[in-house]
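Student: I have a new structure open and I'd like to talk it through. Can we take it piece by piece?
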Amino acid sequence: ALGSVKENRRRDALGLLAFFMGGLAAGRIASLTLAGAPDASMHMLLAYEATAFAIAVFLYQRTPAATAS
């Protein structure tokens, strides 16, 4: 939430979001691979997590690094 308010923390917040959502998606992929798919909700959650990860990475790359002042 701090990254949405303070511009100099935005890149850090996007990096953390990408790391978190990427981890969730990777864990869900591993779970689906090892245990199989229990129902359609798992696929919807995976799609959400993968999309959030991709958007966060895209915005992270477009956000300039904060300069020390």
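**Working through the model**

Tutor: Start with T63: leaving aside neighbours within four places in sequence, T63 is in contact with R11 and L14. Keep in mind that this is a predicted model.

Student: Where is T63 found?

Tutor: T63 sits in the segment after helix 3.

Student: And is T63 buried or exposed?

Tutor: T63 counts as buried, because its relative accessibility is 15% and the cut-off for buried is under 20%.

Student: What about confidence? What pLDDT does the protein average?

Tutor: The average is 88. Of the residues, 94% score at least 70.

Student: Where is confidence lowest, and where is it highest?

Tutor: Helix 1, residues 2-5, is lowest, with a mean of 70. Helix 3 is highest, at 94.

Student: Let's do helix 3, then. How far apart are its end C-alpha atoms?

Tutor: They are 33 Å apart. Helix 3 covers residues 40-62, which is 23 residues. At 1.5 Å a residue it should span 33 Å, so the model agrees with the expected value.

Student: Which residues of helix 3 are buried?

Tutor: L46, E49, A52 and A56.

Student: Why do residues three or four places apart point the same way?

Tutor: An α-helix has 3.6 residues a turn, so residues with that spacing point the same way.

Student: OK. What covers the buried residues of helix 3?

Tutor: The cover includes helix 2, residues 10-35. Turn that around and the buried residues of helix 2 pack against helix 3.

Student: Which residues of helix 2 are buried?

Tutor: L14, A18, M21, G22, A25, R28 and L32. You have met L14 already, as a contact of T63.

Student: How many residues does helix 2 have, and how far does it reach?

Tutor: Helix 2 has 26 residues. From first C-alpha to last it reaches 37 Å, close to the 38 Å expected at 1.5 Å a residue.

Student: What follows helix 2?

Tutor: G36 does. The phi of G36 is positive, near 90 degrees.

Student: Back to R28. What is R28 in contact with?

Tutor: Leaving aside neighbours within four places in sequence, R28 is in contact with M42, L45, L46 and E49. L46 and E49 are also among the buried residues of helix 3.

Student: An arginine in the buried list! Why does R28 count as buried?

Tutor: R28 has a relative accessible area of 19%, and buried means under 20%.

Student: Which residue does R28 meet in a salt bridge?

Tutor: E49. The side chains of E49 and R28 come to 2.8 Å, N to O. That pair links distant parts of the chain: E49 is in helix 3 and R28 in helix 2, 21 residues apart.

Student: Is E49 buried or exposed?

Tutor: E49 is buried, with a relative accessible area of 4%.

Student: How many salt bridges does the count come to?

Tutor: The count comes to 2. Besides E49 with R28, D12 forms a salt bridge with R9. In the D12 and R9 pair, the closest N and O atoms are 3.3 Å apart.

Student: How exposed are D12 and R9?

Tutor: D12 is partly exposed, at 43% relative accessible area. R9 is partly exposed too, at 40%.

Student: New topic: the surface. Which residues make the nonpolar patch?

Tutor: I55, F58 and L59 make it. The patch is about 280 Å².

Student: Where is L59 found, and how exposed is it?

Tutor: L59 is in helix 3. With a relative accessible area of 35%, L59 is partly exposed.

Student: Last bit, distances. How far apart in space are I29 and E7?

Tutor: They are 33 Å apart, C-alpha to C-alpha, and 22 residues apart in sequence. I29 is in helix 2, and I29 is partly exposed, at 45% relative accessible area.

Student: And what separation do the C-alpha atoms of G27 and T51 have?

Tutor: They are separated by 15 Å. Along the chain, G27 and T51 are 24 residues apart. G27 lies in helix 2, where its relative accessible area of 40% makes it partly exposed.

Key:
Residues numbered from 1 in each chain as written. Predicted model: local features only at pLDDT ≥ 70, side-chain atom pairs only at ≥ 80, totals over all residues. Heavy atoms only, no water. Helix = DSSP H or I, 4+ residues; strand = E, 2+ residues; numbered from the N terminus. Expected span 1.5 Å × (residues − 1). Buried < 20%, exposed > 50% of the residue type's maximum accessible area, 1.4 Å probe, protein only. Contact = heavy atoms within 4.5 Å. Patch = residues over 30% accessible without salt bridge, like charges linked within 9 Å, V, L, I, M, F, W, Y side chains within 5 Å. Areas by Shrake-Rupley, 256 points an atom, 1.4 Å probe, with all protein chains shown as cover. Salt bridge = Lys/Arg side-chain N within 4 Å of Asp/Glu carboxyl O. pLDDT = per-residue confidence, 0-100.
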